[in-house]
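I opened the file today to look up how the chains meet and to check a few single sites. My notes are below, in the order in which I took them.

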Amino acid sequence: MSIAEKTRYIQADTLIGKRIHKMDAPEKASGKTRYIHDIDLPGQLYGKILRSTRVHARIKSIDTRAARALPGVHAVITAADIVNQRPIGVAKDHMPLKTDKVRSLRDEVAAVAAESESIALEALKLIKVEYEDLPILTDPAEAIKPGATLIHPEPRLPGGQDALKPGAPVAFTGKPNNIAMRFDYCHGDVVQAEAESDVVVEDTFKLHYVTHCCMGVSGMIADFDSSGNLLMYSNTQVPFLHKREFAEYLNMDPGRIRIIQPAIGGGFGSKLDIYPFEVICVFLARAAKRPVKLVFTREEEFISSPTRQPVLLTLRSGCKTDGTLTFRTVHTLHDNGAYTSWGATTPFVMMQTFSSLYRVPNCDYHTTAVYTNNPYAGSFRGYGNLQATFAVEAHMDKLAEAIGMDTLEFRLKNAQAEGEVSGQGMEFHSCGFKECLTTAAERSDFRRKFAENVRNRNSPDPIKRGIGIASMLHVGGGAKIYPSDGCGTILKLDDFGQVTLITGASEIGQGSETVLSQLVCEELGLPMSAVTVVNNDTAITPWDVGVHASRTTFIAGNSAIGAARLAKAKVLAAAAKKFECSAEALDLRGGYVIKAASGEALIDLPRLMRNLHFSDKAELVMTTFYYEPPSMHQDKGFKGNVSAAYAWASQVVEVEVDTETGIVKMTKITAAHDVGRVLNRLGIEGQIEGGVVMGQGYALTESLIVENGVTRNPNFRDYKLVTAPEIPEIDIAFIESMDGEGPQGAKGVGEAPAICVAAATANAIYNATGVRICGLPFTPERVYRALHGKGEKLYLAPEKAA
Amino acid sequence: MDEIELYVAPSSLEEAAAYLQRSAEVTILAGGTDLMPQSQGGRLKIKRTLMNIQHIPELKGITIDNGAIRIGALATITEIMQSELIRQHLPILVEACDHFASDQIRNAATLGGNVCNASPAGDMLVPLLVLDAEAELASKPNGSLTRRRMPLTEFFVGPGKTRRGPAELLTGLRIGLPPANHYARFFKFGTRPALDISAISIGIAGVLKDGALSRVRVAFGAVAPVPMRAPRTEHALEGRRLDAATIELVAGVARDEVTPIDDIRATAWYRKELIHNITRRMLAHVAQT
Amino acid sequence: MSLKHDIEFNLNGIKRRATVRVDMSALDMLREVVGLTGTKYGCGEGECGACTILVDGLSLNACLMFAVDCHGRDVVTIEGLAADAKADALRAAFVEHGAVQCGYCTPGMVVQASHLLTTHPAADAEAIKRGIEGNLCRCTGYKKIVEAIASVSQAGRQGATP
């Protein structure tokens with residue numbers, strides 16, 4: 001500060017809780033942001049995939065000669081052209097280019113790289129494939145029967161081991177039946193608990209196929225440099241896992257694989273797995289020795305993207321007349337589709353809801369996932385929790401009614417509080433569950449409307465109003481399902497007081513770059529304009545497991561704070577030396593080093609940085625931090641505190657049901673979310689509003705219609721996303737339970753808002769009409785049929801114990 | 001493989017008719033809102049000549065003369081919606097336009113295109129039927145322009161099929177001015193205000209006097225291979241006082257008269273239920289008018 | 001070999017020529033021939049609005065339009081609205097109100113909103129929702145988009161210069 005400047009005092013202020021503009025919004029709003037579709041590499045070729053025209057068939061022959069001869073075609077590949085092709089996916093049952101069989105209609109049989117998309121498409125038409133049809137299995141209940149055609153009957157290799165590479169994971173060698181996976185969980189004794197229950201209810205629920213419908217379709221660019229290093233432009237949500245897995249599938253050193261993530265046109269969990277098209281794109285680049293860009297059409301996106309896991313489940317719940325929940329017994333049948341992706345692992349999350357949403361002393365959970373020739377399911381915002389919550393919250397209403405207890409009281413009685421540990425071992429260090437319930441109920445005038453609607457059920461007006469409540473529990477502090485659930489940050493502060501925040505956490509439209517910058521700026525007392533974020537290049541950024549499980553704000557946030565605090569300590573130590581005081585007496589605020597007690601500005605940060613840099617003992621401020629949350633891996637019984645924090649929400653849905661058409665109009669959603677603490681108010685509202693409307697789609701309008709293995713509505717004309725005029729009034733309240741481990745007390749919220757909308761809607765329809773509908777979506781026809789006694793009868797055959 | 005060999009954009013009806021007369025291998029381009037997705041999706045192959053008719057003045061405009069309104073085949077849905085003439089005399093068309101797709105599509109889609117596509121669920125077709133609209137067709141069979149008119153009830157033959165001859169162009173729709181006390185309403189079933197292919201749609205029109213409709217016209221969409229007039233329903237309605245019993249009777253006749261199919265949008269049973277319930281609801285509204 | 005056709009049209013205020021395949025969509029022409037990537041491919045069928053452009057002052061889905069049909073017409077894309085006052089106000093409002101998440105639908109939304117406010121300068125929330133019913137968004141749930149557009153509409157209503 002020059003002598004002429006007066007003493008400045010910097011006012012205390014905070015960024016936390018404020019409405020912070022999304023940093024990349026101006027570029028996006030002007031159309032300048034380049035998504036993967038907008039990126040072209042010099043000399044690139046265009047890749048296209050030939051997909052199966054049969055649902056289940058042996059591939060007898062593939063003739064690519066005519067395709068290869070087409071001018072402009074650089075490469076045509078089939079499985080036969082790939083030496084040592086390795087299977088992908090969590091169960092390693094999925095060859096990118098199919099070898100002897102196609103098991104579903106989207107199966108990839110061949111691929112072409114050509115000078116233009118139209119030449120590539122023309123070449124596809126010239127590829128002749130001979131098929132021999134096999135029996136088609138589309139019902140898991142049929143596919144599980146003894147004697148059913150096996151979807152994956154590969155013979156065992158001698159010794160049962162993969163002969164490809166020492167230490168490599170065992171290549172999939174086929175199954176003796178069509179069971180892909182099984183999950184069994186229990187805590188307590190449900191048999192005893194059922195005997196002690198005063199009321200027991202049982203229902204079968206059917207949860208359907210929906211799909212992500214990201215506005216930006218899938219695509220990738222693969223490019224090998226002259227040293228054989230691979231560069232992929234990819235919209236993956238898990239770049240570091242991708243790096244490692246691609247190395248395995250391509251038999252490459254992972255150090256020679258680099259992933260750059262362009263702006264993404266939506267994720268929602270669709271980009272958490274490796275898909276055949278990605279590996280095929282690399283195969284094409286390798287074969288053609290040119291960069292290859294492969295982008296889906298929308299129809300291709302519908303047909304070959306993973307779906308949400310469809311579930312047929314039977315839930316049996318009990319309680320005592322005093323309202324205490326006693327047990328839940330769950331059997332679920334999952335249609336695994338033709339190949340195994342993350343959909344098969346949704347039971348990890350589903351069992352958490354059945355075992356721990358409300359206090360449940362006894363719980364028994366079983367899933368059988370069965371191969372069929374249907375599309376396969378992946379991970380999708382909520383990851384099984386929508387399906388489980390739909391069942392749990394139906395029974396919360398049903399049990400309350402059975403014992404004559406107020407439905408809200410029943411929930412409050414069984415809602416957990418801070419300090420409790422669930423039957424599955426989840427530790428609720430911060431818990432705003434009851435506050436969520438009471439807040440949502442009060443703001444929506446729940447009790448009064450509920451009673452009034454029941455009274456009006458038999459009124460002459462064909463339009464019936466309904467109000468329903470449902471809650472959800474989800475991980476909010478990461479999920480320790482990989483060896484590490486951590487995230488790394490590298491932070492540098494330059495001579496001008498500008499911060500470069502290098503984070504492993506990807507931005508998928510949810511605003512992670514903005515909230516991470518916000519947390520850093522809060523620590524360093526800098527404005528948002530001081531930060532540049534680098535988050536999209538595996539050559540630069542430190543490891544992060546990926547954007548899933550609503551973990552990014554919590555884990556990447558703590559990581560960023562860790563690095564910022566180290567930077568702050570360095571800066572204050574230097575300032576302390578310069579001003580001959582203790583570092584504890586100083587703080588950073590408004591771009592200045594200040595005296596903590598008075599707020600008096602001592603020196604502006606840029607000047608201090610330059611002092612540090614251009615001194616005898618030159619120093620730059622560069623810090624790193626890796627944050628691993630204090631959660632634990634579940635044991636073999638799936639028990640353990642898998643997340644460092646948990647989040648709750650209660651949502652009240654209000655509907656109008658037109659009983660003459662079955663149309664259900666969602667008029668209002670009142671959402672109360674325990675988020676720990678609101679960081680970016682603008683961003684978190686956007687997440688909740690978007691999630692709620694996604695839940696509305698799941699409840700009312702969206703349905704991927706798959707018949708005999710064929711997707712009948714692979715387009716927006718007949719797959720109905722919610723449009724602007726259909727949205728309800730949305731009222732959001734935040735419960736700030738101030739989690740001790742969370743960054744500034746915050747917990748994760750990315751998935752929460754989508755999770756209990758359908759459950760609350762089911763309860764609202766029941767409130768309006770007295771009819772409970774156990775299948776989704778609540779299309780007008782389904783509702784109308786249910787109201788007229790023609791509803792679908794749902795049945796899940798009890799399975800003999802394995 | 002047959003590729004497009006010629007692209008033309010005639011500036012007169014004569015020129016356009018001459019192209020059609022010379023060859024059957026002509027695909028007509030108007031707004032393109034249906035042609036483009038059908039072609040890109042491989043459901044329709046553009047013929048050797050692509051003829052853009054958007055520059056033909058005679059096909060444009062909404063005019064009134066001789067007691068009839070003439071809507072040019074190229075009139076867009078937006079133009080129809082905003083036309084003072086239509087708003088004043090044929091408000092049922094405005095109602096139908098409001099339910100049509102989206103603003104972006106309304107700005108480009110033409111009435112002629114909607115009529116010639118002859119979708120059983122075509123949004124504009126049901127109201128046109130209850131307005132007794134006529135199709136105006138032109139061709140040039142013997143070197144000079146020949147015109148003819150056909151009631152729309154005869155124009156639709158099957159899904160996507162009309163009686164427009166291969167060398168004919170639809171030049172416009174002609175609708176006689178409705179008489180005094182004319183009542184006409186359109187209902188399109190859907191969960192969205194627009195951007196929906198309807199499961200069913202209903203048009204009811206007639207002269208409303210003393211609580212009864214005469215010169216009744218009833219049309220249904222998406223419940224038959226073509227948008228259909230419903231003569232039995234009309235007969236049941238004609239001249240009858242609209243009390244609760246009559247309304248229930250007519251709704252029942254309507255339900256029995258339609259022959260919908262099951263498809264991914266709805267089942268036949270449900271469509272029939274909707275026809276019954278919504279016809280009843282619409283007639284109750286007529287009774288209160 | 002597919003038939004090609006030469007066209008001449010006004011693109012974002014500048015007269016230009018292009019040679020296009022006769023069956024090419026205006027969307028493909030803009031992205032591939034002209035090289036403007038702000039107009040997005042969302043579905044190719046006119047159901048999502050990501051490709052919304054202005055032609056002779058009306059908003060249209062570029063994916064439904066034939067490129068040859070651009071001949072002699074005035075075409076404006078999101079890039080052409082860079083200096084437009086109303087679009088500027090909309091962009092600022094989108095940022096201010098948190099109406100952008102992944103941003104893929106945003107160019108189409110801004111173009112459509114711009115057209116909406118030209119034809120309905122005082123559009124209220126209900127009119128706005130109808131006005132953007134042909135624009136799909138998967139991230140935001142539309143609420144903040146409607147609020148952003150309404151804020152510009154309000155400004156128009158109150159006579160403030162947008």
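The entries cover confidence, two interfaces, one helix and one buried residue.

**Confidence.** I began with the scores, since this is a predicted model. The model has an ipTM of 0.97 and a pTM of 0.96. For chain C I read a mean pLDDT of 95, with 95% of its residues at 70 or more. I keep in mind that where pLDDT is low, the predicted coordinates should not be read in detail.

**Chain C against chain A.** I looked up the contact and found 36 residues from chain C and 51 residues from chain A. The two chains bury about 3700 Å² between them, and carbon and sulfur atoms account for 59% of that area. I then asked how many salt bridges lie between chain C and chain A. The count is seven. One that I noted pairs C:Arg138 with A:Glu702, at 2.8 Å from N to O. For polar contacts across this interface, I found 21 residue pairs, both residues at pLDDT 80 or more. On the chain C side, α2 (85-96), α3, α4 and α5 (143-157) each give at least two residues to the surface that touches chain A. Sorted by class, that side holds 14 nonpolar, 10 polar and 12 charged residues.

**Chain C against chain B.** I repeated the look-up for the other partner. Here 33 residues of chain C are in contact with 31 residues of chain B. The buried area is about 2400 Å², with 56% on carbon and sulfur atoms. Which residues of chain C lose the most area to chain B? They are C:Leu64, C:Phe66 and C:Arg130, which together make up 25% of what the chain C side buries. I found two salt bridges across this interface. B:Arg106 forms a salt bridge with C:Glu133, and their closest N and O atoms are 3.2 Å apart. I also logged 10 residue pairs in polar contact, both residues at pLDDT 80 or more. From chain C, β4 (58-61), α3 (106-119) and α4 (125-131) each supply at least two residues of the side that touches chain B. The largest share of that side is four residues, and it comes from β4(C). By class, I read 11 nonpolar, 14 polar and eight charged residues on the chain C side.

**Helix α1 of chain C.** Next I went to α1, residues 26-34 of chain C, and listed its buried residues: C:Ala26, C:Leu27, C:Met29, C:Leu30, C:Arg31 and C:Val34. I asked what covers them. The cover includes β1 (4-11), β2 (14-21) and β3 (52-55) of chain C. Just after the helix, C:Gly35 has a positive phi of about 85°.

**A:Leu776.** My last stop was in chain A. A:Leu776 sits in the loop between α19 (757-769) and α20 (780-787). Is A:Leu776 buried or exposed? A:Leu776 counts as buried because its relative accessibility is 3%, against a cut-off of under 20%. Leaving out residues up to four places away in sequence, I listed what A:Leu776 touches: A:Lys206, A:Leu207, A:His208, A:Phe390, A:Tyr698, A:Ala699, A:Ala758 and A:Arg782. I also checked A:Leu776 against A:Leu45: they are 731 residues apart in sequence, and their C-alpha atoms are 43 Å apart in space.

Notes. Residues are numbered from 1 along each chain as its sequence is written. Chains are lettered from A and ligands numbered from 1 in the order in which they are written. This is a predicted model: local features need pLDDT of at least 70, side-chain atom pairs count only at pLDDT 80 or more; totals for chains, interfaces and linings use all residues. Side-chain values use heavy atoms; hydrogens and water are left out. Contact means heavy atoms within 4.5 Å. Buried area is the accessible area (1.4 Å probe) that two parts lose on being put together, summed over both. A salt bridge is a side-chain nitrogen of Lys or Arg within 4 Å of a carboxyl oxygen of Asp or Glu. A polar contact is a pair of N or O atoms within 3.5 Å; within protein, one must be able to donate a hydrogen and the other to accept it, and residues adjacent in sequence count only if both atoms are side-chain atoms. Ala, Val, Leu, Ile, Met, Phe, Trp, Tyr, Cys and Pro count as nonpolar, Asp, Glu, Lys and Arg as charged, and the others, Gly among them, as polar. pLDDT is the predictor's confidence in each residue, from 0 to 100. Buried means under 20% relative accessible area, exposed over 50%, partly exposed in between (1.4 Å probe, protein chains only).
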